[in-house]
Amino acid sequence: MNRGQIKSAIQTEMQLDPGLVSDAERNRFLDYWLDDVGSWGVLERTSTVTYSARAQEATLPETVIHLNQVILGNRELKLAYGAELGVGEPRFYSVSGNSLRLYPTPTENVRLTITYSYRPEYLTSDSDVPEIPRDWIYLGVLYGVYRSHKKNGNVLMSREYNQEYEQKKAEKMREYLAKYNSTVRTIKETSEVGENPLTRFI
């Protein structure tokens, strides 16, 4: 389900009380929703980063919320602040903002495999699809309707949809804890999905 379809579902859900909500406002509400999803810290992604020889630091992806693991070759580096300086084979790393630093500093370019919790990127066009498991997308409809009613001053409807959103969000978190609280601690971007939960909004 892309941004255009989510917005259409929001409008359909609000037919009895459409109010005055612009398309730009619905886009902004979906950005707020993705920020909220990212704040859960349970979405996980793996990618690679090249660390240049004798560099002070490397830049991490902008969507990183928390760095969970750094692998060099077949060895996991340890998180350590104020580790030994100098040059050599890296054994430790530290993170400051969006910057990654290795200790000691490598004498040649190295390729790191990083695993991190991420914030989904904002949707910039109506054809964009949120970078989250598909069975979470219906939460965007609930959130959009909640924010639309809030913008229109409809306190009762806003409260009702916010409560439903928070309830469904809590259910997703419980699913996460039940399924991933052992060895896997976060929900992978590639997680399997079941039946489409959006039939209510189609």
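# A walk through the helices and two odd spots

Of the 202 residues of this protein, 44% count as buried. Keep in mind as you click around that you are looking at a predicted model.

**Start with the whole chain.** Colour by secondary structure and you should find four helices and nine strands. Follow them from the N terminus and the order is α-α-β-β-β-β-β-β-β-β-α-α-β. Now turn on the surface: the protein exposes about 11100 Å², and carbon and sulfur atoms supply 47% of that. Among contacts between residues at least 6 apart in sequence, 69% join residues at least 24 apart.

**Select residues 23-39.** This is helix α2, with 17 residues. From first C-alpha to last it reaches 25 Å, close to the 24 Å expected at 1.5 Å a residue. Which residues of α2 are buried? Show side chains for Glu-25, Arg-26, Asn-27, Phe-29, Leu-30, Trp-33, Leu-34, Asp-36, Val-37 and Gly-38. As you look along the helix, remember that an α-helix has 3.6 residues a turn, so residues three or four places apart point the same way. After α2 comes Gly-41, whose phi is positive, near 70°.

**Add residues 3-13.** That's helix α1. The axes of α1 and α2 come within 11 Å and cross at roughly 110°, which means α1 is roughly perpendicular to α2. To see where they meet, pick Arg-3, Ile-6, Lys-7, Ile-10 and Gln-11 in α1, then Asp-23, Arg-26, Asn-27 and Leu-30 in α2.

**Now bring in residues 138-151.** Here is helix α3. How does α3 sit against α1? Their axes come within 9 Å and cross at roughly 55°, so α1 is oblique to α3. The crossing of these two is right-handed. On the α1 side, the contact is made by Ile-6, Ala-9, Ile-10 and Glu-13; on the α3 side, by Gly-140, Val-141, Gly-144, Val-145 and Ser-148.

**Turn to α2 against α3.** The axes of α2 and α3 come within 9 Å and cross at roughly 125°. That makes α2 oblique to α3, and the crossing is right-handed. In α2, select Glu-25, Phe-29, Leu-30, Tyr-32 and Trp-33. Their partners in α3 are Leu-139, Gly-140, Tyr-143, Gly-144, Arg-147, Ser-148 and Lys-151.

**Zoom in on Tyr-138.** You'll find Tyr-138 in helix α3. Is Tyr-138 buried or exposed? Its relative accessible area is 10%, under the 20% cut-off, so Tyr-138 counts as buried. Try a distance label here: the C-alpha atoms of Tyr-138 and Ile-6 are separated by 7.9 Å, though these residues are 132 apart along the chain.

**Finish with two backbone oddities.** Most residues other than glycine have a negative phi, and most peptide bonds are trans. Go to Arg-54, in the loop between β1 (43-51) and β2 (58-59). Phi of Arg-54 is near 60°, a positive value in a residue other than glycine. Arg-54 is also exposed, because its relative accessible area is 53% and the cut-off for exposed is over 50%.

Last stop: Pro-104, in the loop between β7 (99-103) and β8 (110-118). What is the peptide bond from Tyr-103 to Pro-104, cis or trans? It's cis, with omega near -15°.

Methods
Residues numbered from 1 in each chain as written. Predicted model: local features only at pLDDT ≥ 70, side-chain atom pairs only at ≥ 80, totals over all residues. Heavy atoms only, no water. Expected span 1.5 Å × (residues − 1). Buried < 20%, exposed > 50% of the residue type's maximum accessible area, 1.4 Å probe, protein only. Contact = heavy atoms within 4.5 Å. Areas by Shrake-Rupley, 256 points an atom, 1.4 Å probe, with all protein chains shown as cover. Axes fitted to C-alpha atoms, helices over the stretch in contact; angles between N-to-C directions. Parallel < 35°, antiparallel > 145°, perpendicular 65-115°, else oblique. Left-handed = near helix turned anticlockwise from the far one by under 90°.
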